[in-house]
Amino acid sequence: MQRRSNAYHISVLAVLMAIVIIQNIVPFFGYIPLPGLSITTIHVTVIIAAVVLGPRDGAIIGGAWGLIAWIRAFVAPTSPLAPIVFTNPLISVIPRILVGLIAGWIFIWFQKRHQKVLGLTLAGVAGALVNTILVLGLIGLLYRHQAAGFYQVNLSKLMPYLLTIVASNGIPEAILAGILTPLIGTPLLRFKK
């Protein structure tokens with residue numbers, strides 16, 4: 001039985017890693033570009049890894065996403081701001097690792113209380129918000145002058161502008177993750193047993 005469990009674990013990890021790679025390479029699959037920003041869907045894959053395989057593997061998948069974003073910032077930037085901010089691993093890698101860790105921990109906490117569906121939903125919402133808030137917050141903290149120039153806003157209005165992006169971009173991403181995580185995670189968790 002342990003052998004079957006290990007094979008399942010490795011196969012799901014490999015499939016989710018492949019999906020993250022594809023989401024980063026295929027246009028409009030992992031990032032949906034809009035003027036001045038980009039709606040991300042990759043976080044859902046990281047969250048699924050975290051709830052199905054655990055926080056450690058969620059962090060691994062998130063780390064892969066972050067490393068790909070970091071490399072892309074050097075070789076094929078997705079925006080004029082990307083080579084400035086995403087070449088810093090504090091912005092491109094660390095938040096993505098934390099998406100997997102936090103989503104996985106939230107799910108474990110609720111699962112222990114026999115609230116699996118609620119745990120899946122909240123893990124999805126929290127994972128998405130961790131990514132959005134940390135990335136935009138770190139951009140505002142570490143690169144406020146460059147970001148203000150890129151977004152063409154006065155420096156004093158940068159944080160309200162970034163909070164607007166959190167609301168207009170991060171909330172739909174969180175809702176999407178809150179819906180998709182239980183829909184995808186529930187059947188995968190059944191196969192895990």
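**Reading rings, helices and turns in a predicted model**

Q: Where does Arg 113 lie relative to the ring of Trp 109?
A: The general idea is to ask whether the CZ atom of an Arg is within 6 Å of a ring centre and within 35 degrees of the ring normal. In this structure, which is a predicted model, Arg 113 lies over the face of Trp 109, at 3.7 Å from the ring centre.

Q: And which ring does the charged end of Arg 96 sit over?
A: That one is Trp 65: the charged end of Arg 96 is placed 4.3 Å from the centre of its ring.

Q: Let's move to helices. How do α6 and α7 pack?
A: Begin with the angle and the distance between the two axes. Helix α6 spans residues 94-112 and helix α7 residues 116-142; they pack at about 155 degrees, with axes 8 Å apart. An angle over 145 degrees counts as roughly antiparallel, and α6 and α7 are therefore roughly antiparallel to each other.

Q: Is the crossing of α6 and α7 left-handed or right-handed?
A: Here α6 passes α7 in a right-handed crossing. You can also ask what the contact is made of: its residues divide into 17 nonpolar, 4 polar and 2 charged.

Q: What is unusual to look for in the loop between α6 and α7?
A: Check the backbone phi angles, and look for positive values at residues that are not glycine. His 114, which has its place in that loop, has a positive phi of about 60 degrees although it is not a glycine. His 114 counts as exposed, because its relative accessibility is 76% and the cut-off for exposed is over 50%.

Q: Which residue in the loop between α8 and α9 has a positive phi?
A: Gln 152, found in the loop between α8 and α9, has a positive phi of about 55 degrees, and it is not a glycine either. With 72% relative accessibility, Gln 152 counts as exposed.

Q: Now the aromatics. How many aromatic pairs does the structure hold?
A: It holds 4 aromatic pairs. To read one, take the distance between ring centres and then the angle between planes. For Phe 150 and Tyr 151 the centres are 5.0 Å apart and the planes stand at 70 degrees, so this pair is edge-to-face.

Q: What about Tyr 151 and Tyr 161?
A: Their centres are also 5.0 Å apart, but the planes meet at 45 degrees, and the pair is tilted. Tyr 151 is in helix α8 (residues 144-151) and Tyr 161 in helix α9 (residues 158-192), so this pair ties together parts that are 10 residues apart in sequence. Phe 150, Tyr 151 and Tyr 161 form one aromatic cluster.

Q: Are the members of that cluster buried or exposed?
A: Relative accessibility sorts them. Tyr 151 counts as buried, at 13%. Phe 150 is partly exposed, with a relative accessible area of 26%, and Tyr 161 counts as partly exposed, at 26%.

Q: One last item: how far apart are Ala 18 and Ile 61?
A: Compare sequence separation with distance in space. Ala 18 and Ile 61 are 43 residues apart in sequence, and their C-alpha atoms are 9.6 Å apart in space. Ala 18 sits in helix α1 (residues 2-25) and, at 35% relative accessibility, counts as partly exposed.

Technical notes
Residues are numbered from 1 along each chain as its sequence is written. This is a predicted model: local features need pLDDT of at least 70, side-chain atom pairs count only at pLDDT 80 or more; totals for chains, interfaces and linings use all residues. Side-chain values use heavy atoms; hydrogens and water are left out. Axes are lines fitted to C-alpha atoms, for helices over the stretch in contact, and angles run from 0 to 180 degrees between N-to-C directions. Helices (H or I, at least four residues) and strands (E, at least two) are DSSP runs, numbered from the N terminus. Angles under 35 degrees count as roughly parallel, over 145 as roughly antiparallel, 65 to 115 as roughly perpendicular and the rest as oblique. A crossing is left-handed if the near helix is turned anticlockwise from the far one by less than a right angle, and right-handed if clockwise. Ala, Val, Leu, Ile, Met, Phe, Trp, Tyr, Cys and Pro count as nonpolar, Asp, Glu, Lys and Arg as charged, and the others, Gly among them, as polar. Rings of Phe, Tyr and Trp (its six-membered ring) pair if their centres lie within 6.5 Å; planes under 30 degrees apart count as stacked, over 60 as edge-to-face and the rest as tilted. Buried means under 20% relative accessible area, exposed over 50%, partly exposed in between (1.4 Å probe, protein chains only).
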